Number of protein chains: 2
Amino acid sequence: MTAFLPFVMTASTPKATNIVWHEASVDRAARADKRGHRSAILWFTGLSGSGKSTLANAVNAALFERGLATYVLDGDNVRHGLCKDLGFSDADREENIRRIGEVAKLFLDAGVIVLTAFVSPFRADRDKARDLVEAGDFFEIFCAADLDVCESRDPKGLYAKARSGAIKEFTGISSPYEAPDTPELKIDTGAQELAQSVEVVIKALQDKGVIPAA
Amino acid sequence: MTAFLPFVMTASTPKATNIVWHEASVDRAARADKRGHRSAILWFTGLSGSGKSTLANAVNAALFERGLATYVLDGDNVRHGLCKDLGFSDADREENIRRIGEVAKLFLDAGVIVLTAFVSPFRADRDKARDLVEAGDFFEIFCAADLDVCESRDPKGLYAKARSGAIKEFTGISSPYEAPDTPELKIDTGAQELAQSVEVVIKALQDKGVIPAA
């Protein structure tokens, strides 16, 4: 939680500056009270084509319909902006996930349910993001579609490029995906209907007291 | 604005994957409709001790009281997190402000009125942040307290350290502050009462149609 550190009035502070001690105490608890829901980080992870972004955006839309404060961070709004200086080396991938974790933490602090949709293939990087926040604020949601399903979808033609060698170190083909051992949710996004997957996520948020029952 | 790029159902997409074209169209306009206010970036700039953070937090609290979605980015929540890998070299200062601009843009897209409170001494860096978003979304608010007022406040003892040489390249002492030529607002945070400064900012947001009249 952000500690606001405003100017402190001391004996030596000239009164004429008109700066008084001002505790602008808009913290997460105050936001949750006002909005009627807690914030949380929903960290979607899985292979390219597993449906992370589709599920995250569908959950986002469902929560938005209920009037909740939500936001999706994904490649579209992060890779071309905040992380546009980063490539795909190991160090850059790690830094990419680090920044996403830190930005997610800011949204959490702002009272927003933030959904991140990135492959995030390495357990250590995901765990670092988890460790930035309190237990109970981080939901790792494993989109567990099988590789062959993801490859048959290949929505961006990336698997074809990886197979041909045009893309090096592609997760699932030439670079490992480390599946979560104990994710908060594991969803078979290869077989399960989208609407049903959305329901599973919403119910988990209700069960954990993040959002009110419908 | 974020373009969501969900999977597209094509003739070759196997139906069994159950991924249908899903336009999760929660954009800024939809958020503004639902919340009853637009989002904006309020970029507070000024010398250390000029009252940027105090004013930003006071405006934040006033907007929050009205039920608006708001958030403050400042040194406390950014320098120790997202930008903790950055020092105070010219390149690092520039990258610091670049990231803050990009994160502010994400909050803008999320429908949040985001208030940034950083010295941000260089015009070029502030202008880059401004150029990330549409005209009308960025309010540069110059906290124009005189140097001697800021130095007499010296809330963190930084001016004393700068004068003694313990801090090199301190803005206003040994490094320039480039005042905005045409800020959206210029506030004499050296003399004006805090409550009055808050009113000035709120009124500007009302006049520009960001927030409804009280």
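**View 1. Helix α5 of chain B lies across two strands.** In this predicted model, helix α5 (residues 123-131) of chain B crosses β1 and β4 (138-143) of chain B. Take a look at the angle: the helix runs at about 155 degrees to β4(B).

**View 2. Chain B has an open sheet of 5 strands.** Reading across, the order is β2-β3-β1-β4-β5, and the pairing is parallel. Strands like these are held side by side through backbone hydrogen bonds. β2 and β5 (185-187) of chain B sit at the edges with a single partner strand each, so one side of each has no neighbour in the sheet. On average, neighbouring strands are turned by 20 degrees against each other, direction ignored. Zoom in on β1(B) and strand β3 (residues 113-117) of chain B, and you'll find them paired in the parallel sense over 5 bridges. Here B:F44 stands opposite B:A117 in β3(B).

**View 3. Chain A has an open sheet of 5 strands too, with helices packed on it.** The strand order is β2-β3-β1-β4-β5, again with parallel pairing. Which strands are at the edges? They're β2 and β5 (185-187) of chain A, and each pairs on one side only. β1(A) and strand β3 (residues 113-117) of chain A share 5 bridges, and A:A40 stands opposite A:I113 in β3(A). Helix α2 (residues 52-65) of chain A packs on this sheet, touching β1, β2, β3, β4 (138-143) and β5 of chain A, with its direction at about 165 degrees to that of β2(A). α4(A) packs on the sheet as well, touching β1, β2 and β3 of chain A, and its direction makes about 150 degrees with that of β1(A).

**View 4. The largest nonpolar core draws on both chains.** This core has 46 residues, and the ones touching the most other members are A:L73, A:F107, B:L73 and B:F107. At least two core residues come from each of β1 (40-45), β2 (70-74) and α4 (90-109) in chain A, and from each of β1 (40-45), β2 (70-74) and α4 (90-109) in chain B. Leaving out residues up to four places away in sequence, A:F107 touches A:Y71, A:L73, A:V112 and A:V114, plus B:L106, B:F107 and B:A110.

**View 5. Cysteines here form no disulfides.** Why is B:C83 unbonded? The closest cysteine sulfur, in A:C83, is 11 Å from its own, too far for a bond. B:C143 is in no disulfide either, as the nearest cysteine sulfur, that of B:C150, is 9.3 Å away. B:C83 is buried, with a relative accessible area of 0%, and B:C143 is buried at 1%.

Notes: Residues numbered from 1 in each chain as written. Chains lettered and ligands numbered in written order. Predicted model: local features only at pLDDT ≥ 70, side-chain atom pairs only at ≥ 80, totals over all residues. Heavy atoms only, no water. Disulfide = S-S within 2.5 Å. Buried < 20%, exposed > 50% of the residue type's maximum accessible area, 1.4 Å probe, protein only. Core = buried A, V, L, I, M, F, W, Y, C linked by side-chain atoms within 4.5 Å. Helix = DSSP H or I, 4+ residues; strand = E, 2+ residues; numbered from the N terminus. Contact = heavy atoms within 4.5 Å. Pairing = 2+ DSSP bridges. Axes fitted to C-alpha atoms, helices over the stretch in contact; angles between N-to-C directions.
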